[in-house]
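Reader: I'd like to walk through this one feature by feature. Can you show me how to read it as we go?

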Amino acid sequence: MLLIVGTVRLPAANLERARPAMRAMVQASRAEAGCLEYSYGEDVLEPGLIHVKELWSDQTALDAHFASSHIQTWRAAWPALEMGDRNLRVYDVGSPRST
């Protein structure tokens with residue numbers, strides 16, 4: 001499995017305009033084969049800081065995600081939303097266990 005975690009930033013004033021695009025991206029990604037988890041979350045202390053968490057079954061699924069039309073639509077929206085400071089990392093993970 002592959003875990004992607006990190007953050008992106010946008011001006012807090014653009015959050016309301018960004019929500020529909022973020023919602024569409026999350027919904028389309030969750031429907032993809034091999035997507036086990038996909039979420040964006042707003043930081044409660046830093047307006048405009050969005051936490052990203054994705055879990056993919058394998059590299060093939062992640063590659064298909066990166067080639068999807070909805071990710072291209074999402075990335076095309078970034079300039080107007082002033083989306084930036086993208087800091088995402090991919091980790092190879094094993095089987096989950098409870099804490």
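Reader: Let's start small. Leaving aside its neighbours within four places in sequence, which residues is Gly-84 in contact with?

Author: Keep in mind that this is a predicted model. Gly-84 sits in strand E4, and beyond its sequence neighbours it is in contact with Val-8 and Arg-9.

Reader: And is Gly-84 buried, partly exposed or exposed?

Author: Its relative accessibility is 26%, so Gly-84 counts as partly exposed; the buried class would need under 20%.

Reader: Now helices. How far apart are the end C-alpha atoms of H3, and what span should its 13 residues have?

Author: Helix H3 covers residues 69–81, and at 1.5 Å a residue it should span 18 Å. The end C-alpha atoms are 19 Å apart, which agrees.

Reader: Which residues of H3 are buried?

Author: His-70, Ile-71, Trp-74, Trp-78 and Leu-81. They cover an arc of only 105° around the axis, which means they are on the same side of H3. Turned away from that buried side is a face with exposed residues Ser-69, Gln-72, Thr-73, Ala-76, Pro-79 and Ala-80.

Reader: What do the buried residues of H3 pack against?

Author: Two helices and two strands: H1 (15–30), H2 (59–66), E2 (35–42) and E4 (84–92). Just after H3, by the way, Glu-82 has a positive phi of about 60°.

Reader: On to the core, then. Which members of the largest nonpolar core touch the most other members?

Author: The general idea is that in soluble globular proteins, nonpolar side chains tend to be buried together. Here the largest nonpolar core has 22 residues, and Tyr-38, Tyr-40, Ile-50, Trp-56 and Trp-74 touch the most other members. Two or more residues each come from E1 (2–9), H1, E2, E3 (49–56), H2 and H3. H1 gives the largest share, five residues.

Reader: What does Tyr-38 touch, not counting residues up to four places away in sequence?

Author: Met-25, Val-26, Ser-29, Arg-30, Lys-53, Glu-54, Trp-56 and His-65.

Reader: Last one: what is the volume of the largest pocket, and which lining residues lie nearest its centre?

Author: Rolling a probe the size of a water molecule over the atoms shows where empty space is left. In this model the largest pocket has a volume of about 190 Å³. It is lined by 17 residues, with Tyr-38, Glu-54, Arg-75, Arg-86 and Leu-88 nearest the centre. E1, E2, E3, H2, H3 and E4 each give two or more residues to that lining. So you meet Tyr-38 twice: among the core residues that touch the most other members, and near the pocket's centre.

Terms used. Residues are numbered from 1 along each chain as its sequence is written. This is a predicted model: local features need pLDDT of at least 70, side-chain atom pairs count only at pLDDT 80 or more; totals for chains, interfaces and linings use all residues. Side-chain values use heavy atoms; hydrogens and water are left out. Helices (H or I, at least four residues) and strands (E, at least two) are DSSP runs, numbered from the N terminus. The expected span of a helix is 1.5 Å times one less than its number of residues. Buried means under 20% relative accessible area, exposed over 50%, partly exposed in between (1.4 Å probe, protein chains only). The arc is that of the directions from the helix axis to the C-beta atoms. Contact means heavy atoms within 4.5 Å. A nonpolar core is a set of buried Ala, Val, Leu, Ile, Met, Phe, Trp, Tyr and Cys residues joined through side-chain atoms within 4.5 Å. On a 1 Å grid over the protein atoms alone, a cavity is a set of points where a 1.4 Å probe fits but cannot get out, and a pocket is an open set with protein on both sides within 12 Å along at least five of seven lines; lining residues have an atom within 4 Å of a point. Grid points are joined across faces, edges and corners, and a volume is the space filled by probe spheres set on the points.
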